[in-house]
Amino acid sequence: MAEAYHSKDLGFADRLLAWWDDHGRKNLPWQTPRTPYRVWVSEVMLQQTQVATVVPYFERFTTRFPDVQTLAESGLDEVLHYWSGLGYYARARNLHRAAVIVADQHGGVFPTTAEAIQELPGVGRTTAAAIVAQAYGTRAPILDGNVKRVLARHHRVAGGVDEARTRNELWRLTELHTPCERVADYTQAIMDLGATVCRRTGPLCSACPVRQTCQALARGDVERFPERAKRPSARRLERRRFFVLTEPDGRCLVEQRPALGIWGGLWSPPERNANESLETFLAGVGIESALIDDVREQAVFRHGFTHFDLDVEPVYVRLTAMPPVAHDGGGKWIHPRCHALGLSAVAAKLIEGQEW
């Protein structure tokens, strides 16, 4: 690596850009072509999700929804279907709502200012800034998780990153370092630095272009930053029973979850309280016990969310025939591998796990 990257004669942004020219990521799918729509979709997908995970979802999503008008005209179920497995499904619902707003209120033309973009559902200050910086080359400082980590270490910023005082200081620093030229490259560069070099664990300080002025490195406590408030060690644990009903043609019964909350708007095998019996469940969905061919209870597995864990108890029920009366709870019978509904990762695992 050229010594120029580390020279104190160069400013923070200059050293970072020199490093990025040689080592930055330039072949990400949203970079070619780098349109406002593609940058927007990528930035929303990258919220709380790593690049390696996002890339295949982004390519599949933008192939089906190549522009904001197509996305706006599509049904939410299909949008959620293409989001299935990526998690944090409120992002997909907000993306769809925002596309409808852009189509109806902006004539299908994506807004050009951070202020206008930030008014869209699911878009905060950093996401709006990242969009205008990368899509329009407008100077707009960002402060995502990678940038927080780089700046907190470089300037040794004390205090939990969720505290207002710390957050305000980090915003001041990102404003200080963001250049007026090559804004799109700088925005990608500082995110790349945090993702590939200034990593949360095992940072590669010897490869860092700004290591000579990094205060945390000078003090030998890089991994202490950014500081986080201590959280309770005990996580909430819930247990739910999922009934996977399969009729002779292989179709499974799924129900749509409420629009808000965990897995909002997604479809899933019927979920009930952990103490609900099979008999009570069947009576509730109008299926006679005489239609049961086989019942198998499989091992409980745990699925983790941000703030709690869910113990999933699968109950597989094979029927001898399709029930004569349609399920009146808004359910649908779907073929596991031939549908266009959004399924949570747990729902997909349950449906794929049926073995008769």
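Visitor: Let's start at the end of H8. Which residue follows H8 and has a positive phi?
Guide: Keep in mind that this is a predicted model. Right after H8 comes a residue with a phi near 70 degrees, on the positive side. That residue is Gly137.

Visitor: How far apart are the end C-alpha atoms of H8?
Guide: H8 has 12 residues, and at 1.5 Å a residue they should span 16 Å. The expected span counts one less than the number of residues, so the sum works out. The model agrees with it, since the end C-alpha atoms of H8 are apart by 16 Å.

Visitor: Is H8 mostly covered or mostly open, and how many of its residues are buried?
Guide: Buried here stands for under 20% relative accessible area. The buried residues of H8 include Thr126, Ile131, Val132 and Gln134. H8 is mostly covered, and the buried count, out of 12 residues, is 10.

Visitor: Which helices do those buried residues of H8 pack against?
Guide: Packing here rests on contact, with heavy atoms within 4.5 Å. The buried residues of H8 have four helices as partners: H2, H7 (114-118), H10 and H11.

Visitor: On to H3. What distance separates its end C-alpha atoms?
Guide: H3 has 14 residues, which at 1.5 Å each should span 20 Å. The model agrees, because its end C-alpha atoms sit apart by 20 Å.

Visitor: And which helices do the buried residues of H3 pack against?
Guide: The buried residues of H3 are Val51, Val54, Tyr57, Phe58, Phe61 and Thr62. They pack against H2 (36-45), H4 (68-73), H5 (76-83) and H6.

Visitor: How many residues are in the largest nonpolar core?
Guide: In soluble globular proteins, nonpolar side chains tend to be buried together. In this core, Trp40, Met45, Phe61, Leu71 and Trp83 touch the most other members. Trp83, for one, touches Val44, Met45, Tyr57, Phe61, Tyr88, Tyr89, Arg91, Ala92 and Leu95, leaving aside residues up to four places away in sequence. The residue count of this largest core is 91.

Visitor: Now for the open spaces. How much space lies in the largest pocket?
Guide: The largest pocket has 41 lining residues, with Gln48, Asp144, Gly145, Asn146 and Arg149 nearest its centre. H3, H8, H9 (145-154), H10 (164-177) and H11 (183-196) each give the lining at least two residues. By class, the lining splits into 14 nonpolar, 13 polar and 14 charged residues. The space in this largest pocket is about 1,600 Å³.

Visitor: What about the second largest pocket: how many charged residues are in its lining?
Guide: This pocket holds about 500 Å³ of space. It is lined by 21 residues, and Gly87, Tyr88, Tyr89, Phe305 and Thr306 are the closest to its centre. H6 (90-105) and strand E6 (301-304) each supply at least two lining residues. Nine of the lining residues are nonpolar and 11 are polar, while the charged count is one.

Visitor: Last stop: what volume does the largest cavity have?
Guide: The whole structure turns up three cavities of 30 Å³ or more. The largest one is lined by 14 residues, with Arg153, Cys198, Cys205, Cys208 and Cys214 closest to its centre. H9 gives the largest share of that lining, three residues, and by class the lining has 11 nonpolar, one polar and two charged residues. The volume of this largest cavity is about 110 Å³.

Conventions: Residues are numbered from 1 along each chain as its sequence is written. This is a predicted model: local features need pLDDT of at least 70, side-chain atom pairs count only at pLDDT 80 or more; totals for chains, interfaces and linings use all residues. Side-chain values use heavy atoms; hydrogens and water are left out. On a 1 Å grid over the protein atoms alone, a cavity is a set of points where a 1.4 Å probe fits but cannot get out, and a pocket is an open set with protein on both sides within 12 Å along at least five of seven lines; lining residues have an atom within 4 Å of a point. Grid points are joined across faces, edges and corners, and a volume is the space filled by probe spheres set on the points. Ala, Val, Leu, Ile, Met, Phe, Trp, Tyr, Cys and Pro count as nonpolar, Asp, Glu, Lys and Arg as charged, and the others, Gly among them, as polar. A nonpolar core is a set of buried Ala, Val, Leu, Ile, Met, Phe, Trp, Tyr and Cys residues joined through side-chain atoms within 4.5 Å. Buried means under 20% relative accessible area, exposed over 50%, partly exposed in between (1.4 Å probe, protein chains only).
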